[in-house]
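This report describes the packing and the charged pairs of a single protein model. Please consult the sequence and the structure shown here while reading.

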Amino acid sequence: LVDWGIKRYQFIKDFLAQELRGANGPLSEDELVSRGVVKYGYREQSVRMTLLLQKRLFKKLSDGLYTLNR
C-alpha cells in the first residue's frame, strides 16, 4: 500500500482527521463513512461511532457536516 501512496492509519480518528484536513471544507458523515469503507475497508458503524465519541477532535456543525475542532 505504501508503494501506491496509501497510508494505513493505526486509528480511525487519524484517518478522519486527515480527510477533514485535506478537504476544502466540512464533510458529511456519509462522505466520511464512504471514504473509510472504500479506501480502507473500515466498518461503517466504526467510522460513525468514532465521529460521535471523539467530540474533542471532531465538531458537528448545525447543518450536519463535520469539521475539525480547533
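M49, L52 and L53 together make up a nonpolar surface patch with about 320 Å² of accessible area. Patches consist of residues with over 30% relative accessible area and no salt bridge, with nonpolar side chains (Val, Leu, Ile, Met, Phe, Trp, Tyr) joined within 5 Å and like charges within 9 Å; accessible areas come from the Shrake-Rupley method with a 1.4 Å probe, only the protein chains shown counting as cover for residues. The model is predicted: local features need pLDDT of at least 70, side-chain atom pairs count only at pLDDT 80 or more, and totals for chains, interfaces and linings use all residues. Residues are numbered from 1 along each chain as its sequence is written, and side-chain values use heavy atoms, with hydrogens and water left out.

**Helix α3**

L52 of the patch belongs to helix α3; helices (H or I, at least four residues) and strands (E, at least two) are DSSP runs, numbered from the N terminus. With a relative accessible area of 51%, L52 is exposed, where exposed means over 50%, buried under 20%, and partly exposed in between (1.4 Å probe, protein chains only). The buried residues found in α3 are S46, V47, R48, T50 and L51. The elements against which the buried residues of α3 pack are α1, α2, β2 (58-60) and β3.

T50, also placed in helix α3, counts as buried because its relative accessibility is 15%. A polar atom of the T50 side chain lies 2.8 Å from the backbone oxygen of S46. When neighbours within four places in sequence are left aside, T50 is in contact (heavy atoms within 4.5 Å) with I12, K13, L16 and F58.

**Helix α1 and the nonpolar core**

I12 is located in helix α1 and counts as buried at 17% relative accessibility. Beyond its neighbours within four places in sequence, I12 is in contact with Y42, S46, V47 and T50. The C-alpha atoms of I12 and Y42 are 8.0 Å apart in space, while the two residues are 30 residues apart in sequence. Besides I12, the buried residues of α1 include F15, L16, A17, E19 and L20. The buried residues of α1 pack against β1 (27-28), α2, α3, β2 and β3.

The largest nonpolar core has 17 residues, and L16, L32, Y42 and F58 have the most contacts inside it. A nonpolar core is a set of buried Ala, Val, Leu, Ile, Met, Phe, Trp, Tyr and Cys residues joined through side-chain atoms within 4.5 Å. Two or more residues of this core come from each of α1 (12-22), α2 (29-40), α3 (44-53) and β3 (65-68). The largest share, five residues, is given by α1. Once the neighbours of L32 within four places in sequence are set aside, L32 is in contact with F15, L16, E19, L20, L27, V47, L51 and Y66.

**Salt bridges**

How many salt bridges does a search of the whole structure find? The search finds six, a salt bridge being a side-chain nitrogen of Lys or Arg within 4 Å of a carboxyl oxygen of Asp or Glu. Side chains of opposite charge can pair when their charged atoms come close. Three of the pairs are given below.

| Pair | N to O distance |
|---|---|
| R35 and E19 | 2.8 Å |
| E19 and K39 | 3.0 Å |
| E31 and R35 | 2.7 Å |

E19 lies in helix α1 and K39 in helix α2, so this salt bridge ties together parts that are 20 residues apart in sequence. R35 and E19 form a salt bridge. That pair likewise links distant parts of the chain, with R35 in helix α2, E19 in helix α1, and their positions 16 residues apart. E31 and R35 are separated by about one helical turn, because they are four residues apart in helix α2. An α-helix has 3.6 residues a turn, so residues three or four places apart point the same way.

E19 is buried, with a relative accessible area of 9%. R35 counts as partly exposed at 26% relative accessibility, as do K39 at 48% and E31 at 32%. A network of salt bridges links E19, E31, R35 and K39.

Conventions:
A polar contact is a pair of N or O atoms within 3.5 Å; within protein, one must be able to donate a hydrogen and the other to accept it, and residues adjacent in sequence count only if both atoms are side-chain atoms.
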